[in-house]
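Visitor: Hey, got a minute to walk me through this one? I'd like to start with the inside.

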Amino acid sequence: MTLNVAFLWHMHQPLYIDPENQEFLMPWVRLHGVKAYSDMISALEGADDHVRVTFNLVPSLLYQLEQYSKKKDRFLELSRRLPQDLNFQERVFILRHFFSCHWPTMVEPYERYRQLLECRGREINKLNLEEISRRFSDDDIRDLQVWFNLTWVGFSHRKDPFIQGLLKKGRLFTEDEKNGLLDFHLSVLEALISRYRELWKSGKIDITTTPFYHPILPLLINSDSARRAMPDAMLPSCFSYPEDALAQLSKSVEYMKRLFGKSPNGLWPSEGSVCPELIPLVREAGFKWMATDEGILKRSIGHVSDPNLFEPYYAEYKDYSIPIVFRHHELSDLIGFVYHKTDTEIAIRDFHSRLKEILEHCKRHSRPPLCAIILDGENPWEYYQDGGQHLLTGIYNEISKDPEIQFVTITEYLEEYPPTKTIKQLYTGSWINSDFSIWIGGKEENTAWEELLSARSALSNEEGTHTKDPSILAEAREWIYAAEGSDWFWWYGDQFHSDFALLFDSLFRSYLKRVYETIGQPWPSSLDTPIKREKAVSLVKEPMGFIDPEIDGRLSFYWEWSGAGSLEASTLTSMYKPVYYIKEVLYGFNLNSLFLKVSPYENPDRWHRESLKIVVNIRGERVVKFALKFSAKEGEPHQRYEIFVDGQKKNCEDVGVRYGFHDILELGLPFALLGRGEGEELDFFVEVFRDGVAVERWPEVGAVGVRVPDKDFENRLWLI
């Protein structure tokens, strides 16, 4: 008997294109392109002829590869700029983001890159990057521009003489060398799709796909289905648009056929997420099989103590059925999360021995077993010292030499050995914990679903009137499909952290705004407020006593704000414009109210001259947004105030909010308005907008946490 091993490498990136200016806001398509997407092909090109694997290519990734020569990449543009032409803000941006990689494997092995990191400092949230940037010469900045882009070049291109020359030189790069490297990136990206196409055509690989923008399909079909695996979860209002799930599947098939000349047979549903109601849609879209995780199998056949993981099944729903294959969870995760921590030769032998154990276990079965190893094909390799080259080639070679183990694609295995068993009730869940808790059920995730539902409902209403041009509705649907992607929900909540989480949040909200814009409706003001709530930042000084300022926009007496907590420039880093419009933010409270003081950096007339908008965002049980708008235009009020409570415009007096501006902005808000009582938490942050663009934020990331005091607050401070 022979063990059939089917590798499926999942390649995915969400849509990073800003709908407003049509530029790439994040560089991950390009950087993974010169690393993993190219390396994975090269590892096959040098392998034995018997090695065959499957690549699951997500259309949102392929679309961006097609678009790369047509749109700007913010990180690429900043990399190309002459250091002496970078403004202060851009230099700070580079210092913050041009170390975005796995330091132990991609920074520390290179002396100059490591030196630049040490010069900047490692704990980014404790750094004053404005001050540090003054220590970086133009040569330092240029070396950083080169190293950030050089370290992402994968093993498949490290033998190129030009790349070898840069690695050997290490420092004091020239502009020609820098631009040559960036041109090299683009040439690699330009050839990627054709390289995959040729390998598919030759039979060396199979290509499968995923719904176009990588949505969690069961949650599009009916978000309440999450309760099947999460019975106690707090869920948002029901989102149920099965037609969107079908559209995401059908668009994917059509796109892949156009790009590669033929349709994919297999489907890896986003995050392995399945439910019974998905089966008819998958069939209608034209797929011949799909795959998910072994945890779904075990829960689908609960009465069987030892279901056979190493064979396919038919999954049935009503009059529809489809072959389904289940991922070997442990073996897949060993490559993705474990083997980079151990010696590569030991890892290769361990993997091979585990396959042999599976074969021995399956010899009691009547048909040749299938072991499906399905995992991320791009992210694991950053954690391997050599980018995964030794492990990949070693596993391929070790299996090729074993006469009892052979490579297959899932498609060809199913053609020879179709399922003989049936699953009558497919479990509803994903590959992660067999549920959907990553994408729904938390406060932030649920807020995002509510916003998505509101936009989708607005579009549905327009579709029902039959008054809009069909092309307009089609464009609006495209923005909805983009917002349905799983990645936006992945970064909400506390499970995962990214320096770019606020940018993911902003992109999600921008796609929803475009839905409203396209159908000619104003978007709700709630979309102007970040959904992502970062952890509270450390303050320069915390409140030391109750305060009761006179809210008149002036410093009425010397001790008026004594005892307040303060947020000063050192809490800012680099994502927004360096300190320019605000000098200091103070906050404090008494038993009934929260007080805020925002001081201009210079004469407050500057806020008028540049027509700024100062926005204070306070988030408790309710979200309160207070805006002070300035105008230098004739015929317009020099300043006006607006307040929104949970997105609804209110009169300040009606909700008990006090405000004043003259030399400073002072604000008082009742805790009752925020829905918070003694011991409960809220947070706030302050933004500055110029011409509708956020140019400053206090703190730069996250928010200032506040706990509503009780009457013993000051007594406890004295005891301490």
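Visitor: How many residues are in the largest nonpolar core, and which have the most contacts inside it?
Guide: This is a predicted model. Its largest nonpolar core holds 192 residues, with F7, W9, Y196 and I335 having the most contacts inside it.

Visitor: Which helix gives the largest share of this core?
Guide: That's helix 1, residues 28-45, which puts in ten residues.

Visitor: And what is I335 in contact with, leaving aside its neighbours within four places in sequence?
Guide: I335 touches F7 and W9, plus F351, I373, L375, P380, W381, Y384, L391 and I395. Another core, of 40 residues, lies apart from the largest one, and L567, V645, V688 and V708 are among its members.

Visitor: Switching to pockets: what's the volume of the second largest one?
Guide: About 1,500 Å³. Its lining takes 46 residues, and N379, E382, Y383, W490 and W491 sit nearest the centre.

Visitor: Which helix gives the most to that lining?
Guide: Helix 15 does, with four residues. Helix 1, strand 8 (370-376) and helix 21 (486-490) are also among the elements that supply at least two each.

Visitor: What's the lining like by class?
Guide: You get 21 nonpolar, 14 polar and eleven charged residues.

Visitor: New topic: how many disulfides are there in the whole structure?
Guide: Zero. For C101, the nearest cysteine sulfur belongs to C119, 17 Å away. C275 has C238 as its nearest, at 12 Å.

Visitor: Is C275 buried or exposed?
Guide: Buried, because its relative accessible area is 1%. C101 counts as buried too, at 15% relative accessibility, since the cut-off is under 20%.

Note on methods:
Residues are numbered from 1 along each chain as its sequence is written. This is a predicted model: local features need pLDDT of at least 70, side-chain atom pairs count only at pLDDT 80 or more; totals for chains, interfaces and linings use all residues. Side-chain values use heavy atoms; hydrogens and water are left out. A nonpolar core is a set of buried Ala, Val, Leu, Ile, Met, Phe, Trp, Tyr and Cys residues joined through side-chain atoms within 4.5 Å. Buried means under 20% relative accessible area, exposed over 50%, partly exposed in between (1.4 Å probe, protein chains only). Contact means heavy atoms within 4.5 Å. On a 1 Å grid over the protein atoms alone, a cavity is a set of points where a 1.4 Å probe fits but cannot get out, and a pocket is an open set with protein on both sides within 12 Å along at least five of seven lines; lining residues have an atom within 4 Å of a point. Grid points are joined across faces, edges and corners, and a volume is the space filled by probe spheres set on the points. Ala, Val, Leu, Ile, Met, Phe, Trp, Tyr, Cys and Pro count as nonpolar, Asp, Glu, Lys and Arg as charged, and the others, Gly among them, as polar. A disulfide is a pair of cysteine sulfur atoms within 2.5 Å.
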